[in-house]
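Biologist: I would like to go through this model slowly, asking at each step how a given label was earned. Could you set the values beside the cut-offs as we go?

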Amino acid sequence: MCGIVAYVGHQEAYPLIIKGLKRLEYRGYDSSGVALLNGEGLKVYKKKGKVADLENELKAQELHATIGIGHTRWATHGEPNDRNAHPHYSQNKKLAIIHNGIIENYAVIKQALAKKGHQFNSDTDTEVLVHFIEDLQESVGCGLEEAVRLALQEVVGAYAIVVMDANDPTQLIAARKSSPLVIGIGENEYFFASDATPIIEYTKEVVYLDDNQVAVVKNGALKIVNLANENQIPYVQTLEMELETIEKGGYEHFMLKEIFEQPRSIADSMRGRIQADEGELQLGGLRPYMDKLADAKRILIVGCGTSWHAGLVAEYIFEELARIPVEVEYASEFRYRNPIIKEKDFVIAISQSGETADTLAAIQLAKSKGATIFGVCNVVGSSIARETHAGSYTHAGPEIGVASTKAFTAQVTVLTLMAVSLAKRRGTISEELYRQLLIEIAHIPRKIEQVLKAADRVKEIAAIFTYARNFIYLGRGINFPVALEGALKLKEISYIHAEGYPAAEMKHGPIALIDEDMPVVFIATKDSSYEKIVSNIQEVKARKGRVIAIVTEGDSFIPSLVDFVIEIPKTHEILTPLLATIPLQLLSYYIAVMRGRNVDQPRNLAKSVTVE
Ligand code: M6R
């Protein structure tokens with residue numbers, strides 16, 4: 001949601017900011033804008049639509065400046081249009097601001113400013129904030145830096161902001177609370193962005209701003225203070241990300257690239273953690289917390305969307321192997337109940353982006369009640385990674401497609417490693433099973449390579465169902481969350497209505513939907529539910545439903561019952577989701593492409609949902 005890019009230094013700011021905004025497109029947005037400061041003053045340019053639309057509109061203009069701010073907006077206050085796009089000017093047009101987040105008390109501030117004669121040109125909370133900052137500058141008689149701090153002391157809500165001053169072409173002021181902001185440090189130049197993707201082309205030295213910190217770049221120097229104006233020592237980190245990881249690398253879409261990256265991304269999730277031949281398994285982040293986890297009375301897992309599905313897979317594996325009760329909750333529900341959390345609860349928070357507002361709030365709630373919180377995040381240095389007591393990164397690499405693919409399988413991999421390690425520690429699995437699982441886990445990347453070879457077959461099936469209006473996905477046991485994930489993938493990128501159900505639940509309602517026009521995807525691998533799922537398939541076929549089945553290679557019975565079959569290699573039952581998910585990702589991808597959808601940036605969706 002919303003992307004921020006800002007620059008001050010010696011390069012041309014405009015092309016650099018436009019390129020940066022394009023790198024942030026994956027976050028989801030509906031309008032964009034830039035503000036530049038040069039000898040002609042501070043000018044704002046903005047437009048509804050894609051960054052390319054803005055670029056097109058400005059192509060005849062000479063836009064030279066070495067300082068500027070840029071933004072992609074995902075509408076919260078006011079519809080997506082040119083007026084509401086960022087940057088916003090202050091009343092006297094001396095300041096311009098870009099903002100990611102929500103100022104919850106903006107209406108009260110706006111009312112007070114209106115009484116003083118302020119006139120607003122948009123419906124946004126952001127414009128109110130920049131008016132407020134300017135008003136404080138004038139009424140208190142202070143500089144911009146102090147005015148920003150004073151304003152933020154009054155503000156309720158979430159923000160990452162960058163403010164630019166018409167009177168100072170060397171200065172950018174940024175601040176953050178609950179919305180991410182990274183500062184890149186180059187040679188006499190500074191970059192600001194919502195994540196590191198617009199920055200890595202220029203520098204790998206970055207500082208992740210913390211909540212309630214204000215960063216001031218002025219005359220080539222960076223200083224960081226808190227809202228009380230106390231100096232903060234910047235923690236400069238070196239990014240490990242490579243530029244090619246955020247480029248399409250010859251694939252038509254990021255989503256396809258990310259699907260095909262899974263043999264490598266899963267291997268990366270395991271790297272340095274598992275040595276199957278020696279029977280070794282260690283997650284560095286978990287080691288100091290293993291006693292707590294082993295003693296836990298209950299494991300609580302929180303997450304949203306696909307991360308929640310990964311949690312459901314993990315519930316099955318933890319309970320099966322480690323025999324500790326697990327509850328999986330939508331973070332958005334958990335945070336607004338009055339959940340019973342005890343000190344001996346071990347909470348696992350799952351998030352690709354590490355910025356999901358509901359998951360962050362759920363963590364804060366559980367923490368306030370004394371629970372230990374362990375993060376399973378993909379984005380290094382993200383808010384959730386920093387808010388949790390400990391964690392294990394999934395190391396899937398940057399995921400740019402809005403639909404989560406490799407992040408999901410990486411989450412399931414890390415959670416599986418945790419469960420196996422815990423089971424060994426608690427003595428709830430035999431040495432033989434432990435060894436066998438490690439070997440099977442190590443084989444997963446190779447088996448995924450094998451599944452990916454069926455891409456053309458999946459594409460043929462996709463062509464047959466491109467214009468379906470509905471889909472049902474069914475699975476049992478550990479494959480029920482795979483069904484949920486398959487349905488979510490299809491609906492978010494193709495806009496086809498799809499539902500996932502436990503296969504046995506079908507008889508309690510959804511079976512009424514089955515007719516010759518209803519495609520039903522079964523995850524029907526040879527596992528402990530095989531006979532049961534065969535019965536469910538027969539129930540669907542008896543009602544003329546059209547069945548696509550994901551089966552274990554060598555199965556000759558289910559292919560005789562169903563319309564289409566996709567084979568996956570045999571593996572241990574608890575690892576099936578890692579293989580069965582892949583054809584479902586491909587099916588959604590090809591259907592969406594054939595329907596002409598914007599696969600990487602589906603409508604209305606944002607990659608990281610930083611508002612609740
Ligand atoms: O970054 P997170 O994993 O916390 O994001 C959670 C969901 O917003 C995310 O999984 C969403 O459901 C994806 N679009 C699914 O593909």
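Biologist: To begin with, in which helix is the place of Glu320?

Modeller: Glu320 has its place in helix α9, and I should say at once that we are looking at a predicted model.

Biologist: What makes Glu320 partly exposed?

Modeller: Its relative accessible area is 44%, and the label covers values between the 20% under which a residue is buried and the 50% over which it is exposed, so Glu320 is called partly exposed. As for its place relative to another part of the chain, the C-alpha atoms of Glu320 and Gly397 are separated by 29 Å, with these positions 77 residues apart along the chain.

Biologist: Why is helix α9 called largely enclosed by the rest of the structure?

Modeller: Of the 18 residues of α9, 13 are buried, a word that requires a relative accessible area under 20%, and therefore the helix is described as largely enclosed by the rest of the structure.

Biologist: How do you know that the span of α9 agrees with what its residues should give?

Modeller: Helix α9 runs over residues 305-322, and at 1.5 Å a residue its 18 residues should span 26 Å; the C-alpha atoms at its ends are 25 Å apart, which agrees with that expectation. Just after α9 comes Arg323, which takes a positive phi of about 55 degrees.

Biologist: Which residues come nearest to the ligand?

Modeller: There are 15 residues around the ligand, and those that come nearest are Ser307, Ser351, Ser353, Thr356 and Glu492.

Biologist: What makes the approach of Ser353 to the ligand a polar contact?

Modeller: A polar side-chain atom of Ser353 lies 2.6 Å from an oxygen atom of the ligand, and the limit for such a pair of N or O atoms is 3.5 Å, so the pair qualifies as a polar contact. By the same limit, Gln352 contributes through its backbone, where an N or O atom lies 2.7 Å from a ligand oxygen atom, while in Lys489 an N or O atom of the side chain is 2.9 Å from an oxygen atom of the ligand. Taken alone, the ligand exposes 410 Å², and the protein buries 91% of that area.

Biologist: Which elements give two or more residues to the shell around the ligand?

Modeller: These are α9 and α16, the latter covering residues 480-494, and the space that the ligand takes is the second largest pocket.

Biologist: Why is Asn188 called exposed, and in which loop is Asn188 found?

Modeller: Asn188 is found in the loop between β9 and β10, and its relative accessible area of 62% is over the 50% cut-off, so Asn188 counts as exposed. Its phi is near 55 degrees, a positive value in a residue other than glycine. Most residues other than glycine have a negative phi.

Biologist: What makes Ala174, in contrast, count as buried?

Modeller: Ala174, which is found in strand β8, has a relative accessibility of 0%, and since buried means under 20%, Ala174 counts as buried. The C-alpha atoms of Ala174 and Ala6 are separated by 9.5 Å, although these residues are 168 residues apart along the chain.

Biologist: How do you know that the peptide bond joining His86 and Pro87 is cis?

Modeller: Omega for that bond is about 0 degrees, and the bond is cis; Pro87 itself lies in the loop between β4 and β5. Most peptide bonds are trans.

Notes
Residues numbered from 1 in each chain as written. Predicted model: local features only at pLDDT ≥ 70, side-chain atom pairs only at ≥ 80, totals over all residues. Heavy atoms only, no water. Helix = DSSP H or I, 4+ residues; strand = E, 2+ residues; numbered from the N terminus. Expected span 1.5 Å × (residues − 1). Buried < 20%, exposed > 50% of the residue type's maximum accessible area, 1.4 Å probe, protein only. Near = heavy atom within 4 Å. Polar contact = N/O pair within 3.5 Å; in protein donor to acceptor, adjacent residues only side chain to side chain. Areas by Shrake-Rupley, 256 points an atom, 1.4 Å probe, with all protein chains shown as cover. 1 Å grid on protein atoms, 1.4 Å probe; cavity = no way out; pocket = protein on both sides within 12 Å on 5 of 7 lines; lining within 4 Å. Sits in = over half its atoms within 2 Å of the grid points.
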